[in-house]
Amino acid sequence: MKLGYIGLGKMGKNMVLRLHEKGIEVVAWNRSIEPRMEVARVGVSTVESIEELVKRLEKPRIIWLMLTAGDTTDEYIDILEGLLSPGDLIIDGGNSFYKDTLRRRELLYKKRIRFMDIGTSGGPDGARNGACLMIGGDKEDFQKVLPIIEAVAAPKAFGYFGPLGAGHFAKMVHNGIEYGMMEAIGEGAAILKESGFELDLPEIFRVYNNHSVIVSRLVGWANEALEEDPNLDDISPVIGHTGEGEWTIQTADEEGLSVPVIRDSFLVRVNSEDESKNPKVVFRNKVISAMRGKFGHHLVKK
C-alpha cells in the first residue's frame, strides 16, 4: 500500500520509520526540513510541499495526519480539502477532541472525502516499536486500511470502535484515566518518601512492578526515573498537560457524571506551576513529571 503522511514530529517520524520497515510505501512531508532529511536517509520518499505529496499518490489516496490538535489540524485539513478528490481518505492520527472530529467530517463529506479518526497511544517509543490504536470511522474504510493499521500497531494493540469520533473519544477517556493513575503513583511515592523509614524508593517500585496488583508501564517508568535520580533533583515540579484530561472532565459534566479522581488530577497539573515551591507537593509533582518524560519524551528537566 502507498500512504501519504503529514507531520514528522516525535510520534510521526517514528511511525513513518516503522511503516517503511514494515513494507508500507510512504510519501512524507513536514514543515521543517530536518525530519524529512532524517527519514529520507533510510529510503522514505519525501516531498517539499503538500501539493507534491497529493500528486505522488494514486487515487483513491490515503493520507495520515499526525499533527497538533486544534488549529493546526484544521489548517491542514482545509488545505487538503482543496486538493483531494471524492473517495480519497484522510486519517487523523493525532489526539483531536472528538467534537472537532465530528465538525471536520461535515466539511469533508460535502466533498465526498473519506475521514477516519485514530487515537494513538504509546508515545514516541510506541510509534517506533508498535503503538496502541483506537479507531473510528466507516467499517469499510477500516477494512481498507487494515494493512496499515497492522503495520503501525503492536500485536493485538488496536480496535475498531465504531463510527467517526469513536476513536478520538476512546483516546480522550484513556488520557483522563492516565491522569488519575499518574496522580495516584505520584501521591504514593510522596508518602513513601516522607514516611521516616528512609525507604529505598527505586527498590520499592521495582517490587511494585513485579506481580503486584498495581503492575503497570507507569509504575515501571516511575521506577526507571527513581533509579536514575532517587530524589528527582533534575526534574521539574511543573507538570505539563494537554487537552484530553480537560475534555474528559467536560464530557463527564455534560453526561452528569462525577469524576473526582480525574478532575483533581487535572487541577494538580494546572496548579503545579504556582505550587512549584511548595515542599509538600514538589516531590509528588516531580514523579508525575518524570513519568511524562519517560513515555512521551516531554521536556521535564529543571
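In this predicted model, a good place to begin is Tyr-5, which, leaving aside residues up to four places away in sequence, touches Gly-12, Met-15, Val-16, Leu-19, Val-26, Val-27, Ala-28, Trp-29, Leu-53, Trp-64 and Met-66. Tyr-5 belongs to the largest nonpolar core, a set of 32 residues, and is listed with Leu-19, Trp-64 and Ile-148 as having the most contacts inside it. Several elements each supply at least two residues of this core, namely strands E1 (2–6), E2 (25–29), E4 (62–65), E5 (89–92), E6 (114–121) and E7 (131–136), together with helices H1 (10–21) and H8 (146–152). Apart from this core lies another, of 24 residues, among them Ala-190, Phe-283, Ala-290 and Phe-295. As a general background to such groupings, nonpolar side chains tend to be buried together in soluble globular proteins.

Burial also concerns a charged residue, Glu-183, which lies in helix H9 (residues 166–193). Glu-183 counts as buried because its relative accessibility is 6%, and buried means under 20%. Not counting residues up to four places away in sequence, Glu-183 touches Ser-265, Val-268, Arg-284 and Ile-288.

Leu-102, by contrast, is placed in helix H5 (residues 98–110), and at 26% relative accessibility this residue counts as partly exposed. With residues up to four places away in sequence again left out, Leu-102 touches Leu-164 and Gly-165. Between Leu-102 and Arg-36, which are 66 residues apart along the chain, the separation of the C-alpha atoms is 31 Å.

The next step is to see how two helices meet. Helix H10 (residues 201–208) and helix H11 pack with their axes 9 Å apart, at an angle of about 160°; since angles over 145 degrees count as roughly antiparallel, H10 and H11 are therefore roughly antiparallel to each other. The crossing in which H10 passes H11 is left-handed. On the H10 side, Leu-201, Pro-202, Phe-205, Arg-206 and Tyr-208 take part, and they meet Val-219, Ala-222, Asn-223, Leu-226 and Glu-227 in H11. The residues of this contact divide into seven nonpolar, one polar and two charged.

Following the chain beyond H11 (217–228), one comes to the loop between that helix and helix H12 (243–254), where Asp-233 is found. Asp-233 is partly exposed, with a relative accessible area of 45%. From Asp-233 to Arg-18 the C-alpha to C-alpha distance is 35 Å, and these two residues are 215 residues apart in sequence.

Note on methods:
Residues numbered from 1 in each chain as written. Predicted model: local features only at pLDDT ≥ 70, side-chain atom pairs only at ≥ 80, totals over all residues. Heavy atoms only, no water. Core = buried A, V, L, I, M, F, W, Y, C linked by side-chain atoms within 4.5 Å. Buried < 20%, exposed > 50% of the residue type's maximum accessible area, 1.4 Å probe, protein only. Helix = DSSP H or I, 4+ residues; strand = E, 2+ residues; numbered from the N terminus. Contact = heavy atoms within 4.5 Å. Axes fitted to C-alpha atoms, helices over the stretch in contact; angles between N-to-C directions. Parallel < 35°, antiparallel > 145°, perpendicular 65-115°, else oblique. Left-handed = near helix turned anticlockwise from the far one by under 90°. Nonpolar A, V, L, I, M, F, W, Y, C, P; charged D, E, K, R; others polar.
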